[in-house]
Amino acid sequence: MFSRLEWLIAGRYMRARRKEGAISVITGFSLVGILLGVGTLIVVMSVMNGFRAELIKQIIGAQPHITVYGSGQTGVFDYDDLSDRVKTVPGVTRAAPRMEQTVMASGESDATGVQLRGLRMDDLRNLPGVSDPEWSTGSLDDVENGIALGEGVARKLGVTLGDKVMLMTPPNRVVAFGKIPTRRHYTVTYIFRVGYYPYDNAFVFLPLEEAQGLLNKRDRVDGIEVFVDDPDALSRKNDDPVSSAIIARGGAEHFPWNWQQSNGSFIDALDTERAAMFVILSLVILVAALNIISGLIMLVKEKGQNIGIMRTFGMTRGGILRVFFICGASIGVFGTILGVVGGVLFVTFIHEIQAFLEAILGIPLWPVEVRGLSQIPAIMHTSDVIATAAVALVLSLLATWYPARRAARMDPIEALRYE
(Lines give C-alpha, C1' and ligand atoms only; values in the text may rest on other atoms or scores of the structure.)
Protein backbone atom coordinates (compact mmCIF):
# COMPACT_ATOMS: atom_id res chain seq x y z
CA MET A 1 0.00 0.00 0.00
CA PHE A 2 2.89 2.40 0.80
CA SER A 3 5.98 2.35 -1.39
CA ARG A 4 9.52 2.57 -0.10
CA LEU A 5 9.91 6.04 -1.68
CA GLU A 6 6.84 7.32 0.20
CA TRP A 7 8.21 6.01 3.50
CA LEU A 8 11.58 7.60 2.72
CA ILE A 9 10.11 11.03 1.96
CA ALA A 10 7.75 10.91 4.98
CA GLY A 11 10.66 9.95 7.24
CA ARG A 12 12.74 12.85 5.93
CA TYR A 13 9.86 15.29 6.57
CA MET A 14 9.44 13.95 10.10
CA ARG A 15 13.13 14.39 10.83
CA ALA A 16 13.30 17.78 9.15
CA ARG A 17 10.53 19.16 11.32
CA ARG A 18 12.85 19.28 14.28
CA LYS A 19 14.39 22.39 12.72
CA GLU A 20 10.98 24.01 12.28
CA GLY A 21 10.05 25.30 15.71
CA ALA A 22 6.29 25.85 15.46
CA ILE A 23 5.59 22.59 13.63
CA SER A 24 7.81 20.67 16.01
CA VAL A 25 6.02 22.08 19.07
CA ILE A 26 2.59 21.26 17.68
CA THR A 27 3.72 17.75 16.78
CA GLY A 28 5.14 17.25 20.27
CA PHE A 29 1.92 18.42 21.92
CA SER A 30 -0.09 16.12 19.65
CA LEU A 31 2.04 13.11 20.57
CA VAL A 32 1.94 13.90 24.30
CA GLY A 33 -1.79 14.60 24.16
CA ILE A 34 -2.58 11.24 22.58
CA LEU A 35 -0.19 9.49 24.99
CA LEU A 36 -1.84 11.07 28.05
CA GLY A 37 -5.35 10.58 26.70
CA VAL A 38 -4.85 6.88 25.98
CA GLY A 39 -2.97 6.22 29.23
CA THR A 40 -5.49 8.11 31.35
CA LEU A 41 -8.44 6.38 29.71
CA ILE A 42 -6.94 2.94 30.37
CA VAL A 43 -6.22 3.82 34.02
CA VAL A 44 -9.66 5.32 34.66
CA MET A 45 -11.51 2.42 33.01
CA SER A 46 -9.42 -0.10 34.98
CA VAL A 47 -10.09 1.69 38.28
CA MET A 48 -13.81 1.82 37.54
CA ASN A 49 -13.79 -1.89 36.63
CA GLY A 50 -12.02 -2.65 39.88
CA PHE A 51 -14.33 -0.39 41.86
CA ARG A 52 -17.40 -2.12 40.46
CA ALA A 53 -16.01 -5.63 40.93
CA GLU A 54 -14.80 -4.91 44.48
CA LEU A 55 -18.10 -3.41 45.55
CA ILE A 56 -20.07 -6.31 44.11
CA LYS A 57 -17.67 -8.74 45.79
CA GLN A 58 -18.18 -7.05 49.16
CA ILE A 59 -21.94 -6.77 48.69
CA ILE A 60 -22.49 -10.42 47.80
CA GLY A 61 -19.76 -11.65 50.16
CA ALA A 62 -21.19 -10.12 53.33
CA GLN A 63 -24.87 -10.12 52.41
CA PRO A 64 -27.15 -12.88 51.13
CA HIS A 65 -27.65 -13.28 47.42
CA ILE A 66 -31.39 -13.76 48.00
CA THR A 67 -33.60 -13.11 51.03
CA VAL A 68 -36.95 -14.89 51.26
CA TYR A 69 -39.51 -12.83 53.16
CA GLY A 70 -43.04 -13.54 54.35
CA SER A 71 -45.84 -11.88 52.42
CA GLY A 72 -47.05 -10.00 55.52
CA GLN A 73 -45.26 -7.86 58.09
CA THR A 74 -45.09 -10.55 60.77
CA GLY A 75 -42.11 -12.53 59.42
CA VAL A 76 -41.55 -16.22 58.64
CA PHE A 77 -42.86 -18.73 61.21
CA ASP A 78 -42.08 -22.07 59.54
CA TYR A 79 -38.47 -21.02 58.98
CA ASP A 80 -36.77 -24.40 59.46
CA ASP A 81 -39.13 -26.13 57.04
CA LEU A 82 -38.82 -23.29 54.53
CA SER A 83 -35.01 -23.39 54.79
CA ASP A 84 -35.01 -27.11 54.07
CA ARG A 85 -37.23 -26.63 51.02
CA VAL A 86 -35.11 -23.81 49.64
CA LYS A 87 -31.90 -25.84 50.11
CA THR A 88 -33.22 -28.42 47.64
CA VAL A 89 -33.37 -25.84 44.81
CA PRO A 90 -30.62 -26.51 42.22
CA GLY A 91 -27.98 -23.81 42.42
CA VAL A 92 -28.59 -22.96 46.09
CA THR A 93 -25.51 -23.50 48.26
CA ARG A 94 -26.90 -22.39 51.62
CA ALA A 95 -30.18 -21.26 53.19
CA ALA A 96 -30.45 -20.04 56.76
CA PRO A 97 -33.02 -18.22 58.94
CA ARG A 98 -32.11 -14.67 59.89
CA MET A 99 -33.25 -11.89 62.20
CA GLU A 100 -32.64 -8.28 61.18
CA GLN A 101 -33.65 -4.94 62.65
CA THR A 102 -32.27 -1.47 63.25
CA VAL A 103 -31.47 -0.93 66.95
CA MET A 104 -29.58 1.57 69.09
CA ALA A 105 -26.09 0.62 70.30
CA SER A 106 -24.35 2.40 73.18
CA GLY A 107 -20.67 2.06 74.09
CA GLU A 108 -18.05 3.72 76.23
CA SER A 109 -18.10 7.08 74.48
CA ASP A 110 -21.05 7.30 72.11
CA ALA A 111 -24.25 5.77 70.79
CA THR A 112 -25.33 5.08 67.22
CA GLY A 113 -27.91 3.25 65.21
CA VAL A 114 -26.80 -0.16 63.91
CA GLN A 115 -28.22 -2.93 61.78
CA LEU A 116 -28.60 -6.00 63.99
CA ARG A 117 -28.46 -9.43 62.36
CA GLY A 118 -29.07 -12.70 64.12
CA LEU A 119 -27.77 -15.97 62.63
CA ARG A 120 -27.11 -19.43 63.95
CA MET A 121 -23.43 -19.86 64.72
CA ASP A 122 -22.86 -22.44 61.98
CA ASP A 123 -24.42 -20.07 59.44
CA LEU A 124 -22.39 -17.11 60.74
CA ARG A 125 -19.16 -19.11 60.35
CA ASN A 126 -20.12 -19.75 56.71
CA LEU A 127 -20.69 -16.06 55.94
CA PRO A 128 -17.58 -15.21 53.82
CA GLY A 129 -17.39 -11.52 54.56
CA VAL A 130 -17.50 -12.04 58.33
CA SER A 131 -15.66 -15.34 58.76
CA ASP A 132 -12.85 -14.42 56.35
CA PRO A 133 -12.75 -10.60 56.37
CA GLU A 134 -10.09 -8.17 55.26
CA TRP A 135 -9.14 -7.71 58.93
CA SER A 136 -10.43 -9.03 62.26
CA THR A 137 -9.58 -9.34 65.93
CA GLY A 138 -10.98 -11.72 68.49
CA SER A 139 -12.63 -15.07 67.79
CA LEU A 140 -15.80 -15.63 65.83
CA ASP A 141 -16.52 -18.70 67.96
CA ASP A 142 -16.83 -16.47 71.04
CA VAL A 143 -19.77 -14.61 69.50
CA GLU A 144 -21.96 -17.38 70.93
CA ASN A 145 -21.50 -15.64 74.29
CA GLY A 146 -21.05 -12.08 73.06
CA ILE A 147 -21.44 -9.84 70.02
CA ALA A 148 -19.58 -9.20 66.74
CA LEU A 149 -19.13 -5.62 65.55
CA GLY A 150 -18.02 -4.03 62.32
CA GLU A 151 -14.81 -2.04 62.73
CA GLY A 152 -16.58 1.26 62.04
CA VAL A 153 -19.25 0.52 64.64
CA ALA A 154 -16.59 -0.31 67.24
CA ARG A 155 -14.74 2.91 66.44
CA LYS A 156 -17.90 5.01 66.74
CA LEU A 157 -18.80 3.44 70.08
CA GLY A 158 -15.23 3.64 71.39
CA VAL A 159 -15.10 -0.03 72.35
CA THR A 160 -12.65 -2.87 71.86
CA LEU A 161 -12.48 -6.56 72.73
CA GLY A 162 -13.87 -7.28 76.20
CA ASP A 163 -15.85 -4.03 76.48
CA LYS A 164 -19.59 -3.94 77.03
CA VAL A 165 -22.12 -2.73 74.45
CA MET A 166 -25.77 -2.07 75.20
CA LEU A 167 -28.38 -2.74 72.51
CA MET A 168 -31.77 -1.08 72.78
CA THR A 169 -34.66 -2.04 70.51
CA PRO A 170 -37.69 0.01 69.50
CA PRO A 171 -40.63 -0.49 71.91
CA ASN A 172 -41.50 -4.17 71.59
CA ARG A 173 -42.63 -5.33 75.03
CA VAL A 174 -46.13 -4.72 76.34
CA VAL A 175 -46.39 -3.78 80.02
CA ALA A 176 -49.17 -2.33 82.14
CA PHE A 177 -48.53 1.26 81.00
CA GLY A 178 -47.80 0.54 77.31
CA LYS A 179 -44.89 -0.63 75.15
CA ILE A 180 -41.27 -0.28 76.23
CA PRO A 181 -37.96 -1.07 74.51
CA THR A 182 -35.73 -3.99 75.42
CA ARG A 183 -32.18 -3.28 76.69
CA ARG A 184 -29.41 -5.84 76.98
CA HIS A 185 -25.64 -5.67 77.49
CA TYR A 186 -23.19 -7.81 75.50
CA THR A 187 -19.44 -8.35 75.61
CA VAL A 188 -17.54 -7.50 72.43
CA THR A 189 -15.83 -10.74 71.35
CA TYR A 190 -15.17 -10.17 67.64
CA ILE A 191 -14.45 -7.09 65.50
CA PHE A 192 -14.18 -7.37 61.71
CA ARG A 193 -13.54 -5.21 58.67
CA VAL A 194 -15.03 -6.35 55.37
CA GLY A 195 -13.52 -3.42 53.47
CA TYR A 196 -16.91 -2.03 52.39
CA TYR A 197 -17.41 1.17 54.40
CA PRO A 198 -21.24 1.21 54.63
CA TYR A 199 -21.19 -2.40 55.86
CA ASP A 200 -18.37 -2.00 58.39
CA ASN A 201 -20.08 1.04 59.87
CA ALA A 202 -23.53 -0.46 60.30
CA PHE A 203 -23.66 -4.19 61.08
CA VAL A 204 -23.49 -6.15 64.33
CA PHE A 205 -24.13 -9.88 64.75
CA LEU A 206 -25.74 -11.96 67.50
CA PRO A 207 -26.64 -15.65 67.71
CA LEU A 208 -30.11 -16.25 66.25
CA GLU A 209 -31.79 -17.31 69.50
CA GLU A 210 -30.40 -14.30 71.36
CA ALA A 211 -31.55 -11.93 68.61
CA GLN A 212 -35.04 -13.48 68.66
CA GLY A 213 -35.24 -12.89 72.41
CA LEU A 214 -33.93 -9.32 72.18
CA LEU A 215 -36.43 -8.45 69.45
CA ASN A 216 -39.26 -10.36 71.20
CA LYS A 217 -39.84 -12.62 68.20
CA ARG A 218 -38.98 -16.06 69.56
CA ASP A 219 -41.42 -17.92 67.29
CA ARG A 220 -40.33 -16.46 63.95
CA VAL A 221 -37.55 -14.89 61.90
CA ASP A 222 -37.52 -11.92 59.56
CA GLY A 223 -36.43 -13.93 56.52
CA ILE A 224 -34.39 -16.75 55.03
CA GLU A 225 -31.03 -15.70 53.58
CA VAL A 226 -29.97 -17.72 50.55
CA PHE A 227 -26.59 -18.06 48.84
CA VAL A 228 -26.28 -19.42 45.30
CA ASP A 229 -23.34 -20.63 43.22
CA ASP A 230 -23.85 -18.00 40.48
CA PRO A 231 -25.15 -14.70 41.94
CA ASP A 232 -24.57 -12.85 38.65
CA ALA A 233 -27.24 -15.02 37.01
CA LEU A 234 -29.99 -13.67 39.29
CA SER A 235 -32.55 -11.43 37.62
CA ARG A 236 -34.17 -8.28 38.94
CA LYS A 237 -37.53 -9.62 37.76
CA ASN A 238 -37.17 -12.94 39.63
CA ASP A 239 -37.56 -14.79 36.33
CA ASP A 240 -34.23 -16.65 36.57
CA PRO A 241 -34.34 -20.42 37.27
CA VAL A 242 -33.25 -20.18 40.92
CA SER A 243 -35.72 -17.45 41.89
CA SER A 244 -38.53 -19.17 40.00
CA ALA A 245 -37.84 -22.45 41.82
CA ILE A 246 -37.75 -20.68 45.20
CA ILE A 247 -41.12 -19.06 44.47
CA ALA A 248 -42.56 -22.44 43.48
CA ARG A 249 -41.28 -24.24 46.61
CA GLY A 250 -41.80 -21.38 49.03
CA GLY A 251 -45.46 -20.92 48.25
CA ALA A 252 -47.55 -17.82 47.69
CA GLU A 253 -46.98 -16.59 51.25
CA HIS A 254 -43.24 -16.07 50.63
CA PHE A 255 -41.34 -14.00 48.07
CA PRO A 256 -37.61 -13.68 47.18
CA TRP A 257 -35.66 -10.40 47.04
CA ASN A 258 -32.15 -10.67 45.57
CA TRP A 259 -29.03 -8.50 45.70
CA GLN A 260 -29.60 -7.26 42.16
CA GLN A 261 -32.93 -5.79 43.20
CA SER A 262 -31.49 -4.25 46.38
CA ASN A 263 -28.51 -2.66 44.63
CA GLY A 264 -29.78 -2.33 41.06
CA SER A 265 -29.83 1.45 40.94
CA PHE A 266 -26.33 1.58 42.40
CA ILE A 267 -24.94 -0.86 39.81
CA ASP A 268 -26.71 1.02 37.01
CA ALA A 269 -25.17 4.27 38.23
CA LEU A 270 -21.69 2.72 38.13
CA ASP A 271 -22.23 1.41 34.60
CA THR A 272 -23.57 4.77 33.42
CA GLU A 273 -20.66 6.62 35.00
CA ARG A 274 -18.21 4.22 33.38
CA ALA A 275 -19.70 4.81 29.92
CA ALA A 276 -19.75 8.58 30.48
CA MET A 277 -16.10 8.63 31.56
CA PHE A 278 -15.10 6.73 28.43
CA VAL A 279 -16.82 9.31 26.23
CA ILE A 280 -15.47 12.30 28.18
CA LEU A 281 -11.88 11.08 28.23
CA SER A 282 -12.10 10.22 24.54
CA LEU A 283 -12.50 13.95 23.98
CA VAL A 284 -8.95 14.40 25.30
CA ILE A 285 -7.74 12.16 22.49
CA LEU A 286 -9.90 14.12 20.03
CA VAL A 287 -8.26 17.39 21.08
CA ALA A 288 -4.82 15.85 20.55
CA ALA A 289 -5.94 14.57 17.15
CA LEU A 290 -7.03 18.08 16.16
CA ASN A 291 -3.49 19.22 16.91
CA ILE A 292 -2.33 16.74 14.27
CA ILE A 293 -4.45 18.62 11.73
CA SER A 294 -2.79 21.91 12.67
CA GLY A 295 0.70 20.46 12.47
CA LEU A 296 0.12 18.77 9.12
CA ILE A 297 -1.48 21.85 7.54
CA MET A 298 1.56 23.89 8.54
CA LEU A 299 3.82 21.17 7.15
CA VAL A 300 1.93 21.13 3.86
CA LYS A 301 2.33 24.89 3.52
CA GLU A 302 6.02 24.62 4.42
CA LYS A 303 6.60 21.86 1.87
CA GLY A 304 4.56 23.41 -0.96
CA GLN A 305 7.61 23.75 -3.24
CA ASN A 306 8.60 20.15 -2.58
CA ILE A 307 5.09 19.00 -3.43
CA GLY A 308 5.22 20.89 -6.75
CA ILE A 309 8.62 19.38 -7.62
CA MET A 310 7.46 15.84 -6.78
CA ARG A 311 4.35 16.26 -8.91
CA THR A 312 6.47 17.64 -11.76
CA PHE A 313 8.70 14.56 -11.62
CA GLY A 314 5.67 12.30 -11.92
CA MET A 315 4.51 11.45 -8.39
CA THR A 316 0.76 10.94 -8.37
CA ARG A 317 -1.80 12.64 -6.16
CA GLY A 318 -2.19 9.35 -4.30
CA GLY A 319 1.53 9.23 -3.63
CA ILE A 320 1.52 12.76 -2.17
CA LEU A 321 -1.52 11.87 -0.04
CA ARG A 322 0.20 8.76 1.31
CA VAL A 323 3.39 10.66 2.18
CA PHE A 324 1.57 13.13 4.40
CA PHE A 325 -0.77 10.43 5.66
CA ILE A 326 2.29 8.54 6.96
CA CYS A 327 3.54 11.71 8.68
CA GLY A 328 0.27 12.26 10.56
CA ALA A 329 -0.52 8.61 11.22
CA SER A 330 2.92 8.09 12.75
CA ILE A 331 2.08 10.58 15.49
CA GLY A 332 -1.17 8.78 16.28
CA VAL A 333 0.35 5.30 16.17
CA PHE A 334 3.39 6.11 18.32
CA GLY A 335 1.29 8.15 20.75
CA THR A 336 -1.19 5.28 21.07
CA ILE A 337 1.54 2.67 21.62
CA LEU A 338 3.26 4.80 24.27
CA GLY A 339 -0.09 5.54 25.93
CA VAL A 340 -1.06 1.86 26.06
CA VAL A 341 2.33 0.89 27.52
CA GLY A 342 2.18 3.71 30.08
CA GLY A 343 -1.42 2.97 31.06
CA VAL A 344 -0.81 -0.77 31.44
CA LEU A 345 2.30 -0.18 33.57
CA PHE A 346 0.48 2.36 35.76
CA VAL A 347 -2.41 -0.04 36.39
CA THR A 348 -0.01 -2.93 37.07
CA PHE A 349 1.86 -0.98 39.76
CA ILE A 350 -0.98 1.25 40.94
CA HIS A 351 -0.82 0.13 44.57
CA GLU A 352 2.94 0.70 44.73
CA ILE A 353 2.45 4.15 43.17
CA GLN A 354 -0.31 4.92 45.69
CA ALA A 355 1.89 3.91 48.63
CA PHE A 356 4.82 5.93 47.29
CA LEU A 357 2.77 9.11 46.80
CA GLU A 358 1.09 8.76 50.21
CA ALA A 359 4.49 8.36 51.85
CA ILE A 360 5.76 11.54 50.15
CA LEU A 361 2.63 13.67 50.63
CA GLY A 362 1.74 12.32 54.07
CA ILE A 363 -2.00 12.20 53.28
CA PRO A 364 -4.26 9.36 52.11
CA LEU A 365 -5.02 9.51 48.38
CA TRP A 366 -7.95 7.12 48.73
CA PRO A 367 -9.74 7.89 52.04
CA VAL A 368 -11.87 4.91 53.03
CA GLU A 369 -14.54 7.17 54.57
CA VAL A 370 -15.18 8.75 51.16
CA ARG A 371 -14.53 5.90 48.75
CA GLY A 372 -15.96 3.00 50.75
CA LEU A 373 -12.91 0.81 49.98
CA SER A 374 -9.55 0.57 51.73
CA GLN A 375 -7.37 0.86 48.60
CA ILE A 376 -7.57 1.82 44.94
CA PRO A 377 -9.02 -1.14 43.03
CA ALA A 378 -7.93 -1.74 39.45
CA ILE A 379 -8.91 -4.51 37.05
CA MET A 380 -7.69 -4.14 33.49
CA HIS A 381 -9.80 -5.73 30.77
CA THR A 382 -8.21 -6.48 27.41
CA SER A 383 -11.38 -5.26 25.70
CA ASP A 384 -10.99 -1.82 27.30
CA VAL A 385 -7.37 -1.54 26.17
CA ILE A 386 -8.32 -2.55 22.63
CA ALA A 387 -11.28 -0.14 22.55
CA THR A 388 -9.12 2.73 23.82
CA ALA A 389 -6.37 2.04 21.28
CA ALA A 390 -8.96 1.73 18.49
CA VAL A 391 -10.54 5.08 19.38
CA ALA A 392 -7.14 6.79 19.43
CA LEU A 393 -6.08 5.29 16.11
CA VAL A 394 -9.38 6.05 14.36
CA LEU A 395 -9.42 9.66 15.54
CA SER A 396 -5.75 10.12 14.58
CA LEU A 397 -6.24 8.65 11.12
CA LEU A 398 -9.36 10.73 10.50
CA ALA A 399 -7.49 13.86 11.58
CA THR A 400 -4.65 12.99 9.21
CA TRP A 401 -6.89 12.49 6.20
CA TYR A 402 -7.92 16.12 5.60
CA PRO A 403 -4.46 17.78 5.46
CA ALA A 404 -3.04 14.82 3.50
CA ARG A 405 -5.85 15.14 0.95
CA ARG A 406 -5.27 18.89 0.79
CA ALA A 407 -1.60 18.28 -0.03
CA ALA A 408 -2.55 15.79 -2.75
CA ARG A 409 -4.91 18.27 -4.41
CA MET A 410 -2.32 21.07 -4.50
CA ASP A 411 -1.71 22.36 -8.06
CA PRO A 412 2.02 21.99 -8.90
CA ILE A 413 1.94 25.10 -11.12
CA GLU A 414 0.61 27.22 -8.27
CA ALA A 415 3.12 25.66 -5.86
CA LEU A 416 6.08 26.59 -8.11
CA ARG A 417 4.83 29.86 -9.60
CA TYR A 418 6.63 32.17 -7.13
CA GLU A 419 9.61 29.94 -6.44
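Is Asn-238 buried or exposed? In this predicted model, where residues are numbered from 1 along each chain as its sequence is written, local features need pLDDT of at least 70, side-chain atom pairs count only at pLDDT 80 or more, and totals for chains, interfaces and linings use all residues. Side-chain values use heavy atoms, with hydrogens and water left out. Asn-238 turns out to be buried, because its relative accessible area is 15% and buried means under 20% (exposed is over 50%, partly exposed in between, with a 1.4 Å probe and protein chains only). Asn-238 sits in the loop between S11 and H9, where helices (H or I, at least four residues) and strands (E, at least two) are DSSP runs numbered from the N terminus.

The backbone of Asn-238 also deserves a look. Most residues other than glycine have a negative phi. In Asn-238, however, phi is positive, near 60 degrees. Asn-216 likewise has a positive phi of about 60 degrees without being a glycine. Asn-216 belongs to the loop between H8 and S11, and it counts as partly exposed because its relative accessibility is 41%.

A third asparagine, Asn-258, is part of strand S12. With a relative accessibility of 1%, Asn-258 counts as buried. Leaving aside neighbours within four places in sequence, the contacts of Asn-258 (heavy atoms within 4.5 Å) are His-65, Ile-66, Leu-234, Ser-235, Asn-238 and Ser-243. Asn-238, met above, is thus one of its partners.

Strand S12 (254-258) also helps to cover helix H3. In H3 (residues 79-87), the buried residues include Tyr-79, Leu-82, Ser-83 and Val-86. They lie on the same side of H3 because they cover an arc of only 105 degrees around the axis, the arc being that of the directions from the helix axis to the C-beta atoms. Along with S12, the cover over these residues includes strands S1 (66-70), S2 (92-106) and S11 (223-228), and helices H8 (208-214) and H9 (241-250).

Next comes the nonpolar interior. A nonpolar core is a set of buried Ala, Val, Leu, Ile, Met, Phe, Trp, Tyr and Cys residues joined through side-chain atoms within 4.5 Å. The largest such core has 100 residues, and Leu-167, Phe-205 and Val-226 have the most contacts inside it. Helix H2 (residues 21-62) gives the largest share of this core, twelve residues. Beyond its neighbours within four places in sequence, Val-226 is in contact with Pro-64, His-65, Ile-66, Val-68, Val-86, Val-92, Arg-94, Ala-95 and Ile-246. Val-86 is among the buried residues of H3.

Helix H2 is also the place of Ile-42, which counts as buried at 2% relative accessibility. Although Ile-42 and Gly-342 are 300 residues apart along the chain, 9.2 Å separates their C-alpha atoms. Not counting residues up to four places away in sequence, Ile-42 touches Gly-339, Val-340, Gly-343, Val-344, Val-347, Met-380, Val-385 and Thr-388.

Finally, two helices pack against each other. Helix H11 (residues 304-312) and helix H12 (residues 317-348) meet at an angle of about 140 degrees, with axes 10 Å apart; axes are lines fitted to C-alpha atoms, for helices over the stretch in contact, and angles run from 0 to 180 degrees between N-to-C directions. On the H11 side, Ile-307, Met-310 and Arg-311 meet Arg-317, Ile-320 and Phe-324 of H12.
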